[in-house]
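Visitor: I should like a close look at a single part of this structure. Please describe the contact between the chains in detail, and then turn to the enclosed space.

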Amino acid sequence: MQIQFELAKYNEELDTFDLDETLYQVEISEEDAQTYELLKSSDLNLYNWFIEADFFSKYIKEEVYPKGQHKKIAVCDINDISFRRFFFFKVTSGDSHYAYFKKLFNIFEESDWQDREEIGEQILEQLKSKRLELVRDLTEDEESESETEENTTVESDGKV
Amino acid sequence: MEKQYIDKMLLEMDKDLSKHGMSRRDALKLAGLSGAGLLMGTSTASAEEEKIVKTDAKGKIVIIGGGLAGVSTAARLTLKMSNPDITIIEPNPQSVSYQPGYTMIAAGLWEKDDIMYDTDEFLPEGVKLIPERAIYFNPQENQLTTDAGQVVSYDYLILATGVQLDFERIKGLEEAGRALSGGNNDKLMEALGDSICSIYTEQGSVKTWEIMQKYIEQAKSGKKTEFVFTHPDTPIKCGGAPKKIVYLTNARLKEAGARENAELTFYPNGGAMFGVPEYHDAIVGQFARENIKYHYRHNLIEVDKENKIAVFDAKWQEKGPWDPVMKDFEVIPKREKKRVPYDFLHIAPANIAPREIAESDLGSAAGWVPVNKETLQHIRYMNVFSIGDVAQLPMAKTGGSVRKQYKVLADNLIAHMNEKKLEGKYAGYTVCPLITDIGTVMLAEFDWTVKPTPSFPLDPTVERWIFWLMKAYALKPMTMYGMLSGRA
């Protein structure tokens, strides 16, 4: 089974996301396909599984951002399931995004008095931390790989 | 509601009450906790009492505010502590007066005397009262200062100040200043004049009835009369009250046979009638049935008293450009000033946290006291708790909310004093008995889930006479003799 996905690059200095604008495709095993089928309707569970999956790490390292290009990334879309709202929501975004985040963040709207703008600001505030949870830091992967390689070298040297 | 029906309803009510040996008038004064408890489905005082285990927790507790929230909490703590050391700081000698009755006074159903109570009579035994106003807080030193210059130290602090009514933010009403619901509001009454009213103070509710009668007479005389009602852009206590006065004015106009000459228009700042969809739908249906007009997203910002024009900041939304990243159309907010002529103008004022709280380290950026929404403990100062209208809770500011908060607060404060985990949790319950006519009430109950949470096995979106009976007869005794004694 193949999964199509799109990425966003996280700019840590500006705390913003840029759309990668490339549609990627990755082949997954039968076992991963079963997991995908189980999680595809459960939103953030799907996201968390996908971004931590070995096939994803391998594909990113080999095909998307080769070693040396240290990046923090997020996944915008997995097949037809979009996560873009987490990274590109703004106060002028459509009502469906408001409804989604009010439910996710448990924002009680006493709509007798609250403005869309006020709710929008509350959502943006909550997103500051939430979306960082969704970022995958490829730098950490490479550092941990380097450490593993170094340890291996020391052991080899020691044996010699 | 027709007068004939009202008379019939009152006759039925009298029959019902006579079974208990009460006249309608006497019921207000004499109905006790047992009657209230019967209608509310609450446990009896004696049953409740048996469950209470007293604690030896020690420490000086100071409560700021002697309204329903403050006194109920003091009473609860008194019941649960062996040697309570509690001080309430409250300058208004009638701070426990029954505010939910303001709507009833404004519709000529009750009189001011029906709701006025002396705080002294409801002060729990052993609780000290400082009749001053706390104006400066120093939570780092566990101290505060009153307007008489008295420095008060505490081990534990409970903030139950209530809100201030910010009339002065409305251009044309600057001289009204900020008001409190109780106490002397002569300055506010003078600023509002003889065509503008507000049920958010006790004096204001009396004046509302006077002004309402004047313009009902005008409509009765055949002159087209504009009744305009507002709802502000801040959280307010009893979010249902601005609509209740619409309904009650409508009822009195119909009773006088003057409805066809009256135009009733409600201008809420928000985009819905109620935060719970089921109640929103019911209210929209009621407005349509009664031919009451409404325009969402209108916030009153100015009053031209001389020309009798209300100026609103009117907002709406338009479909914006396609957002290629989000793959959706944007929504563009728009606004303009809208001038609305009125004969009778009812203002629900902006509610804000008292300045001394907002400007202290105890207040949040928005002024309210930031507390854990379940435990009611301050998020920075662990020995500080808050309850009622001044607490920053994402839930309606009502006495119904306080009824579910004060026991939680008392339990958690005692747990904190005993260095135990705070187990009490406020579940977000609140209730708004929405008077839809003289004789009917829709009992809107809900919690964090923003779903109806009815206490009775009845459709909660239906207006019922039994809930009117509860509002008119049971809630006041339950509040005055149940909550204020720390039991109901």
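Guide: What follows treats the contact between the two chains and then one cavity. The model is a predicted one.

Between them, chain A and chain B bury about 2200 Å², and 50% of this area lies on carbon and sulfur atoms. Chain A brings 22 residues to the contact, while chain B brings 34 residues. Two salt bridges are counted between chain A and chain B. One of them joins the side chains of A:Lys90 and B:Asp323, with an N to O distance of 3.6 Å. Polar contacts between chain A and chain B amount to five residue pairs, with both residues at pLDDT 80 or more. On the side of chain A that touches chain B, helix H4 (84-88), helix H5 (95-104) and helix H6 (116-133) each provide at least two residues. By class, that side of chain A comprises eleven charged, seven polar and four nonpolar residues.

As to enclosed space, a search of the whole structure yields three cavities of 30 Å³ or more. The second largest cavity has a volume of about 50 Å³. Its lining consists of B:Gly388, B:Asp389, B:Ala391, B:Leu393, B:Met395, B:Ala396, B:Lys397, B:Thr398, B:Ser401, B:Val402 and B:Gln405. Helix H13 (residues 399-417) of chain B makes the greatest contribution to this lining, namely three residues. Five nonpolar, four polar and two charged residues make up the lining of the second largest cavity.

Definitions and conventions: Residues are numbered from 1 along each chain as its sequence is written. Chains are lettered from A and ligands numbered from 1 in the order in which they are written. This is a predicted model: local features need pLDDT of at least 70, side-chain atom pairs count only at pLDDT 80 or more; totals for chains, interfaces and linings use all residues. Side-chain values use heavy atoms; hydrogens and water are left out. On a 1 Å grid over the protein atoms alone, a cavity is a set of points where a 1.4 Å probe fits but cannot get out, and a pocket is an open set with protein on both sides within 12 Å along at least five of seven lines; lining residues have an atom within 4 Å of a point. Grid points are joined across faces, edges and corners, and a volume is the space filled by probe spheres set on the points. Helices (H or I, at least four residues) and strands (E, at least two) are DSSP runs, numbered from the N terminus. Ala, Val, Leu, Ile, Met, Phe, Trp, Tyr, Cys and Pro count as nonpolar, Asp, Glu, Lys and Arg as charged, and the others, Gly among them, as polar. Contact means heavy atoms within 4.5 Å. Buried area is the accessible area (1.4 Å probe) that two parts lose on being put together, summed over both. A salt bridge is a side-chain nitrogen of Lys or Arg within 4 Å of a carboxyl oxygen of Asp or Glu. A polar contact is a pair of N or O atoms within 3.5 Å; within protein, one must be able to donate a hydrogen and the other to accept it, and residues adjacent in sequence count only if both atoms are side-chain atoms.
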